[in-house]
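Q: Could you take me on a close look at the open sheet in this model? I would like to hear how its strands are ordered, what packs on it, and how it relates to the largest pocket.

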Amino acid sequence: MRMSFRGLRGLALATLVAASLAACGDSNNDGNNPPPGPQEATLTGDVNGTRTLSPDTTYTIQGFFRVSPGATLIVPAGTQLLSDPDTRGTLITRRCDSVNPSGRLIIQGTAADPVVFRPAVSAGTARVRGTGGGVLLAGCAPINLPGGSGISEGVSEPFGGTNANDSSGEIHYLVIEFGGVKVTPDNEINGLTMAGVGSGTVIDHVQSHFIADDGFEWFGGTVNASFLVSSANDDDNLDCDNGWVGTVQFAFVIQDRNLANRGEECDNDANGSGNLPFTIPSFWNVTYVGTGVARANSENNDGLYIRRNSGSLVHNAIVANFGNVGAVIDGDASFAQVAAGNLVLNNILFFNNQGLASPAAQAAGTPLERNINRFSGGAYVTTDVATAFGAGTFVFADPQFTSVDFSNPINGNQPNPLPQAGSPALNAANAATPTGPGIVDGSADYLGAFGSNNWIDGWTSWVTQ
């Protein structure tokens with residue numbers, strides 16, 4: 001059959017269109033023209049306006065990559081972010097200015113596809129703590145530093161303001177690994193730093209893993225968070241400063257036997273002043289697992305360490321396996337916060353903590369004295385602790401975790417911190433009902449971070465290099 005010129009031209013056009021669609025990844029692609037493979041890109045400088053990354057691209061952050069006031073960075077589920085070690089690659093949101101609201105970071109990870117932030121290293125090269133940077137949110141919420149403004153550690157970013165409801169964005173399912181790069185001596189970048197961050201910010205399901213400084217640190221602000229994992233970090237796991245008054249519900253702290261400091265450490269500020277607002281965080285349903293060994297720095301391996309005029313409201317927790325004391329109130333100023341109602345230790349299970357430095361004192365002391373101490377005038381004072389807290393809201397027993405190696409908590413395998421059936425942690429009579437701003441589950445009437453749901457499954461990392 002003879003085909004006209006017009007028909008030939010139409011066929012050619014159709015062929016070109018089909019080929020073009022195939023090259024662009026159209027659903028009718030037969031595989032002869034596959035779409036481009038994974039891409040690579042560099043992130044540096046500042047984000048202005050709104051920028052959305054692609055999960056098909058691996059991004060290397062060079063230097064301090066900042067989201068400007070009024071700008072938004074959107075990171076879809078499954079996106080890989082790499083920190084350039086040579087330039088201390090760190091992701092930062094900036095606080096509001098006189099015209100614009102604070103910069104916003106939107107992490108859209110899921111349990112199946114978390115967003116991962118790790119160092120950029122050559123194939124076959126081991127990752128170690130301090131190789132990469134971290135993530136810092138700087139906001140405009142109140143802090144207790146003079147003038148209501150401060151400069152963050154590590155990246156020297158201004159933070160603080162007057163907007164308690166300020167938003168620095170939303171973070172869902174983010175894993176930060178092998179960060180904590182040293183900027184100057186004794187000045188490292190944490191895994192996730194929240195500096196003057198407001199309650200309009202949403203943070204849930206974040207892991208800081210093998211960080212050379214703190215896993216999570218709050219410098220003032222009102223931000224709440226839930227479902228946090230601080231694992232194998234060098235310094236403190238949950239660190240509170242400068243008037244932070246937010247809430248964390250559901251957090252899992254587990255330390256490396258070779259290197260760790262405190263499970264929770266709270267200061268009102270570096271000088272222990274009476275500046276307001278006082279640091280009074282609320283922690284509900286937290287499981288703290290320590291190093292399991294007494295070593296040269298075991299005097300610093302306490303479960304909870306509250307000092308420098310700080311308060312802390314700790315409810316429904318498990319504190320186990322620390323090289324020193326389960327909970328320490330250091331200094332008369334913080335002990336005075338007990339009477340003021342700003343320092344509460346309520347419904348806590350203690351187990352396998354090494355206790356006082358002196359074996360004789362440990363053997364002679366009651367379980368309460370061995371696990372909760374006041375440090376005053378260079379010595380432990382246990383009588384006041386017993387009077388202040390009593391023993392009615394504490395449990396001294398094995399939490400009966402399903403699978404946690406107390407002799408080597410970080411061993412390359414995912415632990416299973418769910419209490420077994422019959423565990424005293426699951427006895428509802430020993431738990432308070434979670435209430436207040438920032439609570440995501442008011443029915444969590446058990447001790448520790450886990451009831452029947454192992455919420456660390458599927459998205460967390462337990463690699464050791």
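**A close look at the open sheet**

A: Happily, and a single residue pair makes a good way in: T93 has L137 of β11 as its bridge partner. Please keep in mind that this is a predicted model. The pair leads us to two strands, β8 (residues 90-93) and β11 (residues 135-138), which run parallel and are joined by three bridges.

Stepping back, β8 and β11 belong to an open sheet of twelve strands with mixed pairing, in the order β2-β5-β8-β11-β17-β19-β21-β23-β25-β27-β29-β30. The edges are formed by β2 (46-47) and β30 (379-381); each has a single partner strand, so one side of each has no neighbour in the sheet.

Two helices pack on this sheet. Helix α2 (residues 332-339) touches β25 (304-307), β27 (327-330) and β29 (372-376), and its direction makes about 110° with that of β27. Helix α5 (residues 382-389) touches β27, β29 and β30, with its direction at about 125° to that of β29.

Now for the pocket. The largest pocket holds about 390 Å³ of space. It is lined by 25 residues, and E217, D239, D241, D267 and R308 are the closest to its centre. Two elements give two or more residues to this lining, β19 (216-219) and β21 (238-241), and both strands appear in the order of the open sheet. As for character, the lining residues comprise 16 charged, five polar and four nonpolar ones.

Key. Residues are numbered from 1 along each chain as its sequence is written. This is a predicted model: local features need pLDDT of at least 70, side-chain atom pairs count only at pLDDT 80 or more; totals for chains, interfaces and linings use all residues. Side-chain values use heavy atoms; hydrogens and water are left out. On a 1 Å grid over the protein atoms alone, a cavity is a set of points where a 1.4 Å probe fits but cannot get out, and a pocket is an open set with protein on both sides within 12 Å along at least five of seven lines; lining residues have an atom within 4 Å of a point. Grid points are joined across faces, edges and corners, and a volume is the space filled by probe spheres set on the points. Helices (H or I, at least four residues) and strands (E, at least two) are DSSP runs, numbered from the N terminus. Ala, Val, Leu, Ile, Met, Phe, Trp, Tyr, Cys and Pro count as nonpolar, Asp, Glu, Lys and Arg as charged, and the others, Gly among them, as polar. Two strands pair if DSSP finds at least two bridges between them. Contact means heavy atoms within 4.5 Å. Axes are lines fitted to C-alpha atoms, for helices over the stretch in contact, and angles run from 0 to 180 degrees between N-to-C directions.
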